[in-house]
Amino acid sequence: MNLLTVENISKSYGELVLFSDISFGINKDQKIALIAKNGSGKTSILNIMSGKDNSETGQVVSRKGIKISFLEQEPNLNPNLTIEETIFTTDNEILQVIADYEKAVQHPDDSDRYQQAFDAMERHNAWDFETQYKQILFKLHLDQLDAKVATLSGGQKKRLALANALLNKPALLILDEPTNHLDLEMIEWLEAYFSKENMTLFMVTHDRYFLERVCNEIIELDNNQLYSYKGNYSYYLREKEAREERDAVEQHKTKILFKKELDWMRRQPKARTTKSKSRIDDFKEIKKKAHQRRQDHQVQLELNMERLGSKILELHNVSKAFGDKTILNKFEYNFTKGERVGIIGQNGTGKSTFLNLLTQTEHPDAGKVVVGDTLKFGYYTQKGIQIKEGQKVIDIIREFGDYIPLKKGKQISAQQLLERFLFDRKKQYDFVEKLSGGERKRLYLCTVLIQNPNFLILDEPTNDLDIVTLNVLESFLLDFPGCLIVVSHDRYFMDKIVDHLFVFKGDGVIEDFPGNYSDYRAYENSKVIAEREAKNQSSEKTEKISWKEKDDSRKLTYQEQKEHKQLEKEIQKLEEQKATLQNKFMDPELSGDDIALLSKELNQVTDTIETKTERWFELSAILEG
């Protein structure tokens, strides 16, 4: 069933054409992601679909009476309301049902009205609504229901808007970067929520694991052409590569045909027959195709890293607290050359404070941070680039000089450097405030790297960057010889880049885990399973003690006895398979796609072990009884 159709929409700003004549449809239960480079107009497409903006051509047609919710990057909420009041001021139909029921309760003599209100509560399952919205707010760390919206951070407002969108139960949910401002635990919860719910989704996101595990279709906007891929992210990568190979072959054939037709055109007399005129018209089309150029330039990252001495960065008994909240408690660590550390933990556990202590923009309450003489930080913060009114893109780079030093004594002009970061000569003279969110982040990344740091700190570097730029940044960081610290909720990015993790547990507890994010999740899952098995064994012992008291104990059937023995063999094989998969993560040659496939396979094996183990315990209890 079709819910929404986009027909020939276009958007431009002056001479800049973002997209033109774009068409696609969304059917019930589809989970679609839109992928495009920064500055291609992804957010503009979402705004047009949701009715927040108008298209210059065409139209958007939605099915009559369907509810559409839109999660914007910068949600517009009433600052005077509390979190709970914000939930209850939406156009959620269930809220009206609850209000009607409460009024009916106040008039017990009107039995018909009460019965209608009661039936509506049953029909909409409204009895559980309070539990539902409190569970969602709890998962999104919005526990203080009486907190005013005006006091919330940008991230908290985004999460509140997300909670509203989920509770509205729309027929179609449109999402603009839904994982931004969510920590890893929240992202995994949202991922699981979308995977199991029968929801129709249309989203823009750069989170590649999210694309892999949630989406069943990907639409790519490339050079103003839309390409549809009926599968998840892995499928998209395979099919995109195959398409580009086919396009290259077709382009080559077209150029050969163009040369042939050009030769014919040069030999033709001025008098034309009807047939030759038709061939001339075809020639014009062939010429157009033969001269088409793909705009697939990639960011070129290059820097002249400062030499790194033997003493890099040392933390000696560092403590930091804000009132009763402990961030660090006598933390000790010495960084070594080439270290690649990922930092994870829930929001509010002190990750950004830790980075500020390293860069000495904040000072510890006790202990000391010792910085080596040759250390030069490159600090990419969440605040991004500081925009001055009337400042142009080229002005930002010229603040560092008209010429920037590169490797081997070479230098490059500010204009040439910006071209390497995909800002053409025309774009370089645009005002910075006119850039898209992703373009600003790319410009900010340029300003951090051209200072030639040897210790890079990247705080949420993947927000708003397109997937092409992310892939280039990953390749650059893999070859970066200095030290690297990354705080990111992008699990794919973390898996590819870091060697070990600082896990911020809260209350000053920091665990140093030897592996990447997927390794850590596998380790945590194994701990949960071990705890469950210990609990089951404990209950099994209790059952053994009281077996004599049971008169109603039953025996295993012949089929159950066979199943019990078979389960033992299957669980043993699965445990071996799991160990093999976990060992594969240690291979440094693994690509991002390999990691994604291995993670998916490991999750499936772990789930199967858990299911079969629970059944084995169930049968064992009967057998022992």
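Lys 427 and Glu 439 are both buried. They form a salt bridge in this predicted model, with their closest N and O atoms 3.2 Å apart. The structure holds 22 salt bridges. Some of them are described below, followed by the surroundings of Asn 168.

**The pair Lys 427 and Glu 439**

- Lys 427 lies in the loop between helix H13 (414-420) and helix H14 (437-449), whereas Glu 439 lies in helix H14, so the salt bridge ties together parts that are twelve residues apart in sequence.
- Buried stands for a relative accessible area under 20%, and both Lys 427 and Glu 439 fall in that class.

**The pair Lys 496 and Glu 474**

- Lys 496 and Glu 474 form a salt bridge in which the closest N and O atoms are 3.3 Å apart.
- This pair links distant parts of the chain, since Lys 496 is in helix H16 (residues 491-497) and Glu 474 is in helix H15 (residues 467-479), 22 residues apart.
- Lys 496 has a relative accessible area of 23%, so this residue is partly exposed.
- Glu 474 counts as buried because its relative accessibility is 0%.

**The pair Glu 618 and Arg 615**

- A salt bridge joins the side chains of Glu 618 and Arg 615, with an N to O distance of 2.9 Å.
- Both residues belong to helix H19 (residues 592-624); they are three residues apart, so about one helical turn separates them.
- Glu 618 counts as partly exposed because its relative accessibility is 44%.
- Arg 615 also counts as partly exposed, because its relative accessibility is 23%.

**A network of salt bridges**

- Four residues are linked in a network of salt bridges: Glu 191, Asp 207, Arg 213 and Arg 491.

**The surroundings of Asn 168**

- Asn 168 is found in a loop, with helix H6 (154-167) on one side and strand E6 (172-176) on the other.
- The relative accessibility of Asn 168 is 10%, so this residue counts as buried.
- Leaving aside residues up to four places away in sequence, Asn 168 touches Lys 67, Ser 69, Thr 90, Asp 91 and Asn 92.

Definitions and conventions
Residues numbered from 1 in each chain as written. Predicted model: local features only at pLDDT ≥ 70, side-chain atom pairs only at ≥ 80, totals over all residues. Heavy atoms only, no water. Helix = DSSP H or I, 4+ residues; strand = E, 2+ residues; numbered from the N terminus. Buried < 20%, exposed > 50% of the residue type's maximum accessible area, 1.4 Å probe, protein only. Contact = heavy atoms within 4.5 Å.
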